[in-house]
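Here is a walk through one protein chain and its ligand, from the overall fold down to single residues. Have the viewer open as you read.

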Amino acid sequence: MDLGLADRTYVVTGGSSGVGLATVRALLDEGAHVATCGRDAERLKRIGEHERLFTAVCDVRDADAVREFVHSAAEAFGGRSGRSGRVDGLVNNAGQSRMKRLDETTGDDWRDELELKFAGVLNPLQAARKHLAASDAASVVNVNAVLAKQPETRLITTSAARAGILNLSKSLSQELAADGIRVNSVCLGLVDTGQWTRRHAAADSGLSYEDWQAELAADRGIALGRLGRAEEVAYAILALLSPRASYITGTSIDVCGGVGRGIL
Ligand SMILES: NC(=O)c1ccc[n+]([C@@H]2O[C@H](COP(=O)([O-])OP(=O)(O)OC[C@H]3O[C@@H](n4cnc5c(N)ncnc54)[C@H](OP(=O)(O)O)[C@@H]3O)[C@@H](O)[C@H]2O)c1
């Protein structure tokens, strides 16, 4: 089935690694124009050159920098396609989690975590809103975590912030429907990306990465017995971005290998 993404323009935050990078690559493979950002210029360069790829160094917490990034991308691609200023989709992916329990968490931890999670959605959305409204198939996908629905005490700030973002996504879907903009979420379980290679290194367990992952999957009760792959998340994101998903808004898809036993 043709997802209808070719020649459209998508903005993906945090595209230099993991889920973001897999999404950027999948969109380019579908023939889309893609703009992405990250804080580290060298990591962005490693994505490689592509005539339909626009990259910029930008921290999603910096509203002015995000506005500049999104407007530049919309103009750059619009000029080429003759549809100046139009953005068809936004993937709010940039971010990371904070592995801390209540007693280890400072006031700054709470402020920093809430700022990253909320600014990571609101800054790109505010910057892209008028460009999205110019599309005939506008879609926003917020990359979230099953933690939003199943909090973990070892990730107390991240769990609370994730729940807030899931709630915010619902409000946005209601308010932006009038502009023809759909808003949905993907909720990840454990996905094999930079976050987990860093944790494996920090754990210094003596186990190979594969054995460490297998232990982790068993410990966390992942039904499919393994961590997810970034490409598996990217396919779910592309499905929600697609104009074919035109009647789907205000919902979330869990991409988590069946972790947890709740009916969500
Ligand atoms: N992997 C998992 O198991 C998992 C589970 C649940 C949720 N998630 C969420 O899924 C998203 C992607 O995770 P991932 O595992 O793919 O992470 P990753 O491999 O660490 O990649 C994160 C990407 O976001 C960028 N980034 C981080 N902070 C940023 C900021 N303030 N401004 C702009 N860019 C920023 C990074 O580039 P720079 O560092 O160069 O800025 C990188 O491109 C994150 O929001 C993460 O919290 C992941």
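What percentage of the 264 residues in the protein chain is buried? Buried residues make up 42% of them. Please keep in mind that this is a predicted model, and that the values below are computed from it.

**Overall fold**

The chain's secondary structure consists of eight helices and nine strands. Measured out along its principal axes, the C-alpha trace spans about 55 × 40 × 35 Å. The radius of gyration is 18 Å, which agrees with the value near 18 Å that a compact globule of 264 residues would have. Among contacts with a separation of 6 or more, 72% join residues 24 or more positions apart.

**Two domains and the ligand between them**

The domain assignment splits the chain into domain 1 (9-190 + 231-250) and domain 2 (191-226). Their centres, taken over C-alpha atoms, are separated by 25 Å. Nine residues from domain 1 and eight residues from domain 2 take part in the contact. On the side of domain 1 that touches domain 2, the residues are four nonpolar, five polar and no charged.

Where does the ligand lie with respect to domain 1 and domain 2? Both domains give residues to the shell around the ligand, so the ligand lies between them. That shell has 29 residues, of which G14, G18, R39, G95 and T193 come nearest. Two or more residues each come from the elements α1 (18-29), β2 (33-38), β5 (138-145) and α6 (194-203). Of these, α1 gives the most, with three residues. Sorted by class, the shell holds nine nonpolar, 15 polar and five charged residues.

**Two helices**

Helix α5 covers residues 156-176, 21 residues in total. From its first C-alpha to its last it reaches 30 Å, close to the 30 Å expected at 1.5 Å a residue. The buried residues of α5 are I156, T157, T158, S159, A161, R162, I165, S169, L172 and L176. What covers them includes α4 (107-133), β5 and β6 (181-188). As general background, an α-helix has 3.6 residues a turn, so residues three or four places apart point the same way.

Helix α7 (residues 209-220) has twelve residues, which should span 16 Å at 1.5 Å a residue; the end C-alpha atoms are 16 Å apart, in agreement with that. Just after α7 comes G221, with a positive phi of about 70 degrees.

**Positive phi outside glycine**

Two residues other than glycine also take a positive phi. For D7 the angle is near 65 degrees, and for D204 it is near 50 degrees. D7 sits in the segment before β1 (9-13), while D204 belongs to the loop between α6 and α7. Are these positions buried or exposed? D7 has 15 C-beta neighbours inside 10 Å and therefore counts as partly exposed. D204 is exposed, with 7 other C-beta atoms within 10 Å.

**A buried pair: G89 and L241**

G89 lies in strand β4 (residues 89-92), and L241 lies in helix α8 (residues 230-241). Why does G89 count as buried? It counts as buried because 29 C-beta neighbours lie inside 10 Å of it, where 20 or more is the cut-off. L241 is buried as well, with 31 such neighbours.

Leaving aside neighbours within four places in sequence, G89 is in contact with Y10, A138, S139 and L241. On the same basis, L241 is in contact with L5, Y10, G89, S139 and V141. The two residues thus touch each other, and Y10 and S139 appear in both lists of contacts.

Here are the C-beta neighbour counts for the four residues described above.

| Residue | C-beta neighbours inside 10 Å | Class |
|---|---|---|
| G89 | 29 neighbours | buried |
| L241 | 31 neighbours | buried |
| D7 | 15 neighbours | partly exposed |
| D204 | 7 neighbours | exposed |

Two C-alpha distances help to place these residues in the fold. G89 and R162 are 73 residues apart in sequence and 21 Å apart in space. L241 and D204 are 37 residues apart in sequence and 39 Å apart in space.

How values were computed. Residues numbered from 1 in each chain as written. Predicted model: local features only at pLDDT ≥ 70, side-chain atom pairs only at ≥ 80, totals over all residues. Helix = DSSP H or I, 4+ residues; strand = E, 2+ residues; numbered from the N terminus. Buried ≥ 20, exposed ≤ 12 C-beta atoms within 10 Å, placed from the backbone. Contact = placed C-beta atoms within 7 Å. Domains from an automatic or database assignment. Nonpolar A, V, L, I, M, F, W, Y, C, P; charged D, E, K, R; others polar. Rg over C-alpha atoms; globule rule 2.2 N^0.38 Å. Near = placed C-beta within 6 Å. Expected span 1.5 Å × (residues − 1).
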